[in-house]
Amino acid sequence: MTYHPKSDFLNVMSTRGFLADCTDFQSLDDALLKPGVPAYIGYDATAKSLHVGHLLNIMMLRWLQKTGHKPITLMGGGTTKVGDPSFRADERPLLGPEQIQENIDGMQQVFAKYLTYGDGATDALMLNNAEWLDGLNYLDFLRDIGRHFSVNRMLAFESVKSRLDREQSLSFLEFNYMILQAYDFLELNRRYDCVLQMGGSDQWGNIVNGIDLTRRVLDHQIFGLTSPLLTTSDGRKMGKSQGGAIWLNADMLSPYEFWQFWRNTTDADVGRFAKLFTELPVDECDRLGALEGSEINAAKIILANEVTTLCHGADAAKAAEATAREVFEKGGVGDDLPTLALTRADISDGISIVQVIVRAGLAKTGKEAKRLIAENGARIDDAPLTDAGLMLDAKALENPIKLSAGKKRHALVTLAS
């Protein structure tokens, strides 16, 4: 980019790799020279926790606040009832109000770790779009808002077009989603003077709709800024592991497993991820990313500690590193490993090692567990596990058993007292 931003926030976005596109970079840069500019990101309540895929945008809100502006986290209590169809092959399952609220409660735990909420000029706001969407009168909404939308233009958006090109059904309910998200931006501008919506690059069409609607209805200038959709250097979608999503809530994924995810970062991604997911200086991130050989492993530990400290606290990061050192360097068990506690009822007739591997989360299916054993990828108490027919009973579980899948994934199996 030839234009060098004057505002602290856009300077951070540019130098650390957060920026994919912006509707009017120079005008937004000028607007951000004033303090306390409100900006928002929306989050639909589709699960009880946010995951690593959301973390980049959460860090954008954190940097927004650190550079003197006002973050708004908008919970989609209303839009979750519709479901965002963007780049999806099928319709999302519809959730009831109780499940949506339960999911919002779980997601809010994460934001409190990254943002400071309150009534100050740069304190974050936690809002819910159900506040204005739930009470809408359908006919009034169609007349006042719907008339500003061209169906021809909506059909041309890539997020919709990709679904139609595959000849997969797009319900009228889902088609309304982009109108509702545009209306969110209009309401946030009207109620809170919010002038910026941020999101992943897959949200570009929805963001542009909100800007256009606000200009038509209120004649206000507002802006959109998107972040890149992250993939790892080997082409995988960021945030997915063999065990599933990397959740940010400790009750859905242990801090140790979260730490281990970052410790297992591919060498080529270390510097880039340090810029995006930590607050280390850019020069230090570049230094870490340039290391090679055994030194890059030390850089990965720094990355894992920094990211885990932000999400789960410094104590959790230290405990995870100590457990990893115990497990990997000393061949020990470690106190912080994921644990499967079997009951005496579970093992009354014995339990197969294949079933235990699956229940411990080291394989998704029995077939996968058997293949792991056959390919010499499984270990029990650090010794090769070669017998897929092994049965465990109470005597075998008098002491905790350590199971390993490859070199990096481990779990404890204990007998519940």
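Two strands count as paired here if DSSP finds at least two bridges between them. Keep that in mind, everyone, as we start with the strands. One reminder before we go: this is a predicted model.

Let's begin at strand S2, residues 38–43. S2 and strand S5 pair in the parallel sense over 2 bridges. In that pairing, Tyr 40 stands opposite Gln 197 of S5. S2 also has strand S3, residues 70–75, as a partner: 6 bridges join the two, and they run parallel as well. There, Pro 38 sits opposite Lys 70 in S3. What do S2, helix H3 and S3 make together? With helix H3, residues 52–66, the two strands form a right-handed β-α-β unit. And how many of the 6 residues of S2 are buried? The count is 5, so the strand is largely enclosed by the rest of the structure.

Next, strand S9, residues 339–342. In a regular strand, side chains alternate between the two faces of the sheet. S9 shows this pattern: Leu 340 and Leu 342 point to one face and are buried, while Thr 339 and Ala 341 point to the other face and are not buried. S9 is joined by 4 bridges to strand S15, residues 409–415, and these two run parallel. If you want to find the pairing on screen, look for Leu 340, whose bridge partner in S15 is Val 413.

Now a stop at the loops. Asp 193 has a positive phi of about 60°, although it is not a glycine. You will find Asp 193 in the loop between helix H10, 177–192, and strand S5, 196–200. Is Asp 193 buried or exposed? It counts as exposed, because its relative accessibility is 55%. Asn 376 is another non-glycine residue with a positive phi, near 60°. Asn 376 lies in the loop between helix H18, 366–374, and strand S11, 378–380. With a relative accessible area of 64%, Asn 376 is exposed.

On to the charged pairs. Side chains of opposite charge can pair when their charged atoms come close. The model has 20 salt bridges, and I've picked out a few for today.

Take Asp 212 and Arg 216, where the closest N and O atoms are 2.9 Å apart. Both residues belong to helix H11, residues 204–218, and are 4 residues apart, about one turn of the helix. Asp 212 is buried, with a relative accessible area of 15%, whereas Arg 216 is partly exposed at 46%.

Then there is Lys 300 with Asp 267, a salt bridge whose closest N and O atoms are 2.6 Å apart. Lys 300 lies in helix H15, residues 294–312, and Asp 267 in the loop between helix H12, 255–263, and helix H13, 270–277, so the pair ties together parts that are 33 residues apart in sequence. Lys 300 is buried, with a relative accessible area of 6%, and Asp 267 is partly exposed at 41%.

A third pair is Asp 144 with Arg 143, the closest N and O atoms being 3.2 Å apart. Asp 144 is partly exposed at 37% relative accessibility, while Arg 143 is exposed at 52%. There is also a network of salt bridges, linking Glu 131, Glu 187, Arg 190 and Arg 191.

From charge to the nonpolar surface. Which residues make the nonpolar patch of about 470 Å²? They are Tyr 138, Leu 139, Leu 142 and Phe 172. Helix H6, residues 138–144, gives the largest share of the patch, with 3 residues. Leu 139 is in that helix, and at 62% relative accessibility Leu 139 counts as exposed.

Finally, the cysteines. The model has 0 disulfides. Cys 285 is in none, and the nearest cysteine sulfur, that of Cys 311, is 18 Å away. Why is there no bond from Cys 311 to Cys 285? Because their sulfurs are 18 Å apart, which is too far; a disulfide would need the sulfur atoms within 2.5 Å. Cys 285 is buried at 0% relative accessibility, and Cys 311 is buried too, at 1%.

That's my tour, so thanks for listening, and let's open the discussion.

Terms used: Residues numbered from 1 in each chain as written. Predicted model: local features only at pLDDT ≥ 70, side-chain atom pairs only at ≥ 80, totals over all residues. Heavy atoms only, no water. Buried < 20%, exposed > 50% of the residue type's maximum accessible area, 1.4 Å probe, protein only. Patch = residues over 30% accessible without salt bridge, like charges linked within 9 Å, V, L, I, M, F, W, Y side chains within 5 Å. Areas by Shrake-Rupley, 256 points an atom, 1.4 Å probe, with all protein chains shown as cover. Salt bridge = Lys/Arg side-chain N within 4 Å of Asp/Glu carboxyl O. Right-handed = clockwise from strand over helix to strand, strands pointing away.
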